[in-house]
Amino acid sequence: MKFSEINLLDELQRPELTELRGIFTRRSVTKGAVAFHPETDENLVFVIASGRVRIYLGYEEKEFTLGVLEPGDLYSTHAGCYAQALEDSTLMVTDVQSVKRCMSEIPLFTRTMVRVLGQILNNSFSIIGSLAFKDIYTRLTSFLHKEALRTGTPCSEGTELRLALTTEQLSLHMGATRQTVSTLLNNLVREGIMVKKGRSIWVIPDMEALHRQTQQ
């Protein structure tokens, strides 16, 4: 799940935000590395320049993925979460004080940040509500339906969905075991709701049929 649909990389290309681009420094993170953790002393804001970064909570041996950041997405280190690169990634990093200063001096950036933070808050409530009130099957089908609407492409058989997540990563995203998620995906295939075309590639013949599964 994305936290915001606003691409800050696009926003930062505006001529009015030339000064803002200068406050960021680039930081490379290799695949699998944890860029930030809850005990991180730095109070930073970062934007994904390239790659993908998983935001998750961890306690003892358990992990739960809150979302996956993609290029243009923003997050901060004081959120108390882990940030792990799912692939080699580049982050644009700055300190919170610099962001606050720019918000006070550049009205356009203030409006952009209000929109971004509003969407992050809204999607965070959606995640909390899903965990509190939906079972794993409903969470999974809701996630698949939302991702298909967001990133799916029409094909001759229906809607093609490329998740870019392994079954293990998807299970962490759902807060369930790999075996449980694998079984539920196989059930969706057996019932004709989804068709597996390749590694993490699915076809949804009937989006409405998938949507009905989210209501069960």
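**Entry 1: the annotated stretch**

I began with the UniProt record, an unreviewed entry, where the annotation "domain: Cyclic nucleotide-binding" covers residues 8-79. What I have in front of me is a predicted model. Over residues 8-79 I looked up the secondary structure and found 11% helix and 46% strand. The C-alpha atoms at the two ends of this stretch are 19 Å apart.

**Entry 2: the whole chain**

I then went to the chain as a whole, which has eight helices and twelve strands. Its C-alpha trace spans about 55 × 40 × 30 Å along the principal axes. I checked the radius of gyration: the chain has 19 Å, which agrees with the value near 17 Å for a compact globule of 216 residues. Of the 216 residues, 47% count as buried. I also looked at contacts between residues at least 6 apart in sequence, and 71% of these join residues at least 24 apart.

**Entry 3: the nonpolar cores**

Which residues have the most contacts inside the largest nonpolar core? I noted Leu144, Leu163, Leu170 and Leu185, in a core of 23 residues. The elements that give two or more residues to this core are helices H5 (136-151), H6 (167-174), H7 (178-190) and H8 (207-213), together with strand S12 (201-204). H5 provides the largest share, five residues.

I followed Leu144 further. Leaving out residues up to four places away in sequence, Leu144 touches Leu161, Leu163, Leu185, Leu188, Met194 and Leu210. Another core, of 20 residues, lies apart from the one that I had been following. I wrote down Ile23, Leu74, Ile106 and Phe109 as being among the residues of that other core.

**Entry 4: a four-stranded sheet**

I next traced an open sheet of four strands and noted the order S9-S10-S12-S11, with antiparallel pairing. Which strands are at the edges? They are S9 (153-155) and S11 (195-198), and each pairs on one side only. The twist from one strand to the next averages 35°.

I looked at S11 and S12 in detail and found that three bridges join these antiparallel strands. For Lys196, the bridge partner in S12 is Trp202.

**Entry 5: H5 against the sheet**

Last, I returned to H5, the helix with the largest share of the 23-residue core. Which strands does H5 lie across? I recorded S9, S10 (158-162) and S12. H5 runs at about 100° to S10. S12 thus appears twice in my notes on H5: as a strand that H5 lies across, and as another element that gives two or more residues to the core.

Note on methods
Residues numbered from 1 in each chain as written. Predicted model: local features only at pLDDT ≥ 70, side-chain atom pairs only at ≥ 80, totals over all residues. Heavy atoms only, no water. UniProt positions renumbered as here; feature names shortened; annotations may be inferred. Core = buried A, V, L, I, M, F, W, Y, C linked by side-chain atoms within 4.5 Å. Buried < 20%, exposed > 50% of the residue type's maximum accessible area, 1.4 Å probe, protein only. Contact = heavy atoms within 4.5 Å. Pairing = 2+ DSSP bridges. Axes fitted to C-alpha atoms, helices over the stretch in contact; angles between N-to-C directions. Rg over C-alpha atoms; globule rule 2.2 N^0.38 Å.
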